[in-house]
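Got the viewer open? Let's take a walk through this one, selecting as we go.

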Amino acid sequence: MKTFLSVHLRRVAAVVVVAQALLLTGVAQANTDHRRTLEAESVVETEHRAQINGERVNYKVYAGFLPVWDDNGHPTATLQYTYYERQGVREQEKRPIMFSFNGGPGSASVWMHIAYTGPKSLRVDDEGFPIQPYGVKDNPHSVLDTTDIVFVNPVNTGYSRVLPGPDGEMPSRDQQREMFFGVNADVEYLAEWMNTFVTRYQRWRSPKFLIGESYGTTRVAGLAHALQNQQWMYINGVVLVSPTDMGMDRDGPVKAANRLPYFAAAAWYHERLDDDLQSGDLYDLLPEVEEFTINTYLPALARGAWLDDDERTEIARQVARYSGISEQAVMQNNLDVDTAFFWKELLRDEGLTVGRLDSRYTGIDMKDAGERPDFNSELTSWLHSFTPAINYYLREELGLETDIKYNMFGPVHPWDRSGNNTGRQLRQAMAQNPFMNVLFQAGYYDGATNYFDAKYSMWQMDPSGKMKDRLFFEGYRSGHMMYLRSEDLRLSNEHLREFIENSLPGENEAAQYQRAN
């Protein structure tokens, strides 16, 4: 993609009565002391063109800040967003718009922004490993041909920050937590913010989609419900990338058993399985392991100490066969192999560990002994390529100039996780809205939010089975950020594009449930 040589920049002045709201924590009211300041509201516009999905796409980027207001109309925070809008669209009311959130909690929107759905992608090799010089390149697989996209940084992530109160003082840490840093507070203020955004950019009539990754799936599951029930804004589709449990119970034997298909995938990738398993394709292996997990392994774990010795030995043998670790190690863990132990154990004899979020990555520890790796090898790899890329891209290509630090991971903890019913809320939102579909996307080598947990959550989301034709799953030969692998970048965007197009109702199609004949 080539950015137009003539870049049109326009800054919109903040419409904020209280001058103190333009300042960050501890920033003086005057700028003469050279301390860092941040406008509560501003935007920079740039125009671009790209070749996406085989067609030329002209688009405008709005890189800006938009406030969060309290009930009294005072700005309490400002959120930095990047909005990609395709130009030349004749009927904008039919043009979808997708809001994108990452997770953490505390993570910026950088990951999916410059590596998945946006018109630029990270400079990495075909398997997703970093290369220098750092930066971004064209993303011909972006879904910008199909939908406009808004990447949102929640409070204290990216450039988004809490603002002082009317008295010029910052809210206390406890007050900030109550306002922003918890499952339900997060959903509530983001739903309000989205209402403002949709109103400002005149997108109320457009079909709307939410996409979240990791903890972002908890966020968008709750948002789907909050938007419909508090903002009266209805959603056509929700995409859950590497989903969390979203408050649905997966503890005990289920939690232990659901790890095994992921163990098998990681072991297959590192060629640690027996020849008869290793010689086949991954897609041949996984159905076999999933069947064993549901029909044999889970019932055995549920019986605990009352499992007889012969059966325990046979279960250990099978778990060892599928996981690539020794039968002795399985028995020593009472058949319940922890993920951290697996990351340390799988390649221990080679002096290597495997990654948590993407087990294709390997690391080296100070000691080969131990129960868990010293660090997450995949995350360190990602940070040293994503961080320079997003700072370069926002400032030098999009013209967003600020001295505020871009928080890849921001200070949002302790996070209030109480009252997390977001999975059930998503089911309720689907029931309330016949137009809404949900897509699950997961990488087979993700050990943090493993793909079989994602399938299990999908199965349990609507136990009645009445909406299962509106729930979809796609898996990829990669990890937590499956889009880092070149082939999966293409494939995942293709699946996303199809999902969006199939979630748009036909001409004059009514939102109603049909009675059985």
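Start by selecting V238 and whatever it touches in this predicted model. Leaving out residues up to four places away in sequence, you should light up L210, V220, A224, L426, M436, N437, V438, L439 and F499.

Now widen the selection to the largest nonpolar core, which has 98 residues. V238 is among the members that touch the most others, along with Y81, F99, F197, L210 and F440. Colour helix α3 (residues 183-200) next: nine residues of this core come from there, the largest share. There's also a second core to pick out, separate from that one, with 53 residues. To find it, click on A50, V57, A108 or W111, which are among its members. In general, nonpolar side chains in soluble globular proteins tend to be buried together.

Back to F499, one of the contacts of V238. F499 is also one of the buried residues of helix α15, so select residues 486-502 to see that whole helix. It runs for 17 residues and reaches 25 Å from first C-alpha to last, close to the expected 24 Å. Which of its residues are buried? Besides F499, they are D488, L489, S492, N493, H495, L496, R497 and I500. For what covers them, show strands including β2 (42-52), β5 (97-101), β10 (208-213), β11 (237-241), β14 (437-443) and β15 (471-476).

While you're on α15, click E501. Is E501 buried or partly exposed? With a relative accessible area of 43%, E501 counts as partly exposed. Then add T147 and draw a C-alpha to C-alpha distance: E501 and T147 are 9.3 Å apart in space, yet 354 residues apart in sequence.

Zoom out to the full chain. You'll have 15 helices and 15 strands on screen, in a box of roughly 75 × 65 × 45 Å along the principal axes. The radius of gyration is 24 Å, which agrees with the value near 24 Å for a compact globule of 517 residues. Colour by burial and 57% of the residues come up buried. Among contacts with a separation of 6 or more, 71% join residues 24 or more positions apart. Switch on the surface and you're looking at about 22100 Å² of accessible area, 46% of it from carbon and sulfur atoms.

Last stop: colour by pLDDT. The chain mean is 92, and 93% of residues reach 70 or more. Residues 1-32 are below 50, though this stretch has 78 contacts in the model beyond near neighbours in sequence. Where pLDDT is low, predicted coordinates should not be read in detail.

Key: Residues numbered from 1 in each chain as written. Predicted model: local features only at pLDDT ≥ 70, side-chain atom pairs only at ≥ 80, totals over all residues. Heavy atoms only, no water. Helix = DSSP H or I, 4+ residues; strand = E, 2+ residues; numbered from the N terminus. Expected span 1.5 Å × (residues − 1). Buried < 20%, exposed > 50% of the residue type's maximum accessible area, 1.4 Å probe, protein only. Contact = heavy atoms within 4.5 Å. Core = buried A, V, L, I, M, F, W, Y, C linked by side-chain atoms within 4.5 Å. pLDDT = per-residue confidence, 0-100. Rg over C-alpha atoms; globule rule 2.2 N^0.38 Å. Areas by Shrake-Rupley, 256 points an atom, 1.4 Å probe, with all protein chains shown as cover.
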